[in-house]
Amino acid sequence: MEYKRLCESDYRMMTVIWDAQPVNSTKLVELCRERLGWKKPTTYTMLRKMCEKGLAQNENSTVTALVPREEVQAAESETFVRETFGGSLPAFLVSFLGGKTISEKEARELEELIRRHREG
């Protein structure tokens, strides 16, 4: 499936689905009321839209995601870095860290990620 950017309300709805799946649609209404402040009609309208977009499915009142959270987060992150930092991951990291320090463990994890993703 080709990923299309999610608007904020789509992402918020998918977060509830990802966290609770598989979830009964009645329980999803309750969760969206608690977490998002949405009324029942809003939740069902959003669920229908998520299904139409191919992001979720509602079979026999059981709702599941059709796209993994990690796939959406990776695409959103890539778009953010491209649009905000001209695609420069180092520029993003400099801005993100903003003078903060990281632990030795975090530094090792980043070094390992770089090693695994290095070209060639």
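Trainee: Let's start with helix H3 in this predicted model. Which strands does helix H3 lie across?

Mentor: Look at residues 40–52, which form H3. That helix lies across S2 and S3, and runs at about 110 degrees to S2.

Trainee: And how do I read the sheet itself: what is the order of the strands?

Mentor: Take the strands by who sits beside whom. Here you have an open sheet of three strands, ordered S1-S3-S2, and the pairing is antiparallel. Strand S1 (23–24) and strand S2 (56–59) are the edges, each pairing on one side only.

Trainee: Where could I check the register, say for Val23 in S3's direction: what is the bridge partner of Val23?

Mentor: Go to Val63 in S3, the bridge partner of Val23. S1 and strand S3 (residues 62–65) pair in the antiparallel sense over two bridges.

Trainee: Now the helices. What describes two packed helices?

Mentor: The angle between their axes and the distance between the axes. In this case, take helix H1 (residues 8–20) and helix H4 (residues 69–85): their axes come within 11 Å and cross at roughly 150 degrees. Angles over 145 count as roughly antiparallel, so H1 is roughly antiparallel to H4.

Trainee: Is the crossing of H1 and H4 left-handed or right-handed?

Mentor: Left-handed.

Trainee: Which residues in H1 and H4 meet?

Mentor: From H1, pick out Tyr11, Thr15, Trp18 and Asp19; they meet Arg69, Val72 and Gln73 in H4. Sorted by class, that contact of H1 with H4 has three nonpolar, two polar and two charged residues.

Terms used:
Residues numbered from 1 in each chain as written. Predicted model: local features only at pLDDT ≥ 70, side-chain atom pairs only at ≥ 80, totals over all residues. Heavy atoms only, no water. Axes fitted to C-alpha atoms, helices over the stretch in contact; angles between N-to-C directions. Helix = DSSP H or I, 4+ residues; strand = E, 2+ residues; numbered from the N terminus. Parallel < 35°, antiparallel > 145°, perpendicular 65-115°, else oblique. Left-handed = near helix turned anticlockwise from the far one by under 90°. Contact = heavy atoms within 4.5 Å. Nonpolar A, V, L, I, M, F, W, Y, C, P; charged D, E, K, R; others polar. Pairing = 2+ DSSP bridges.
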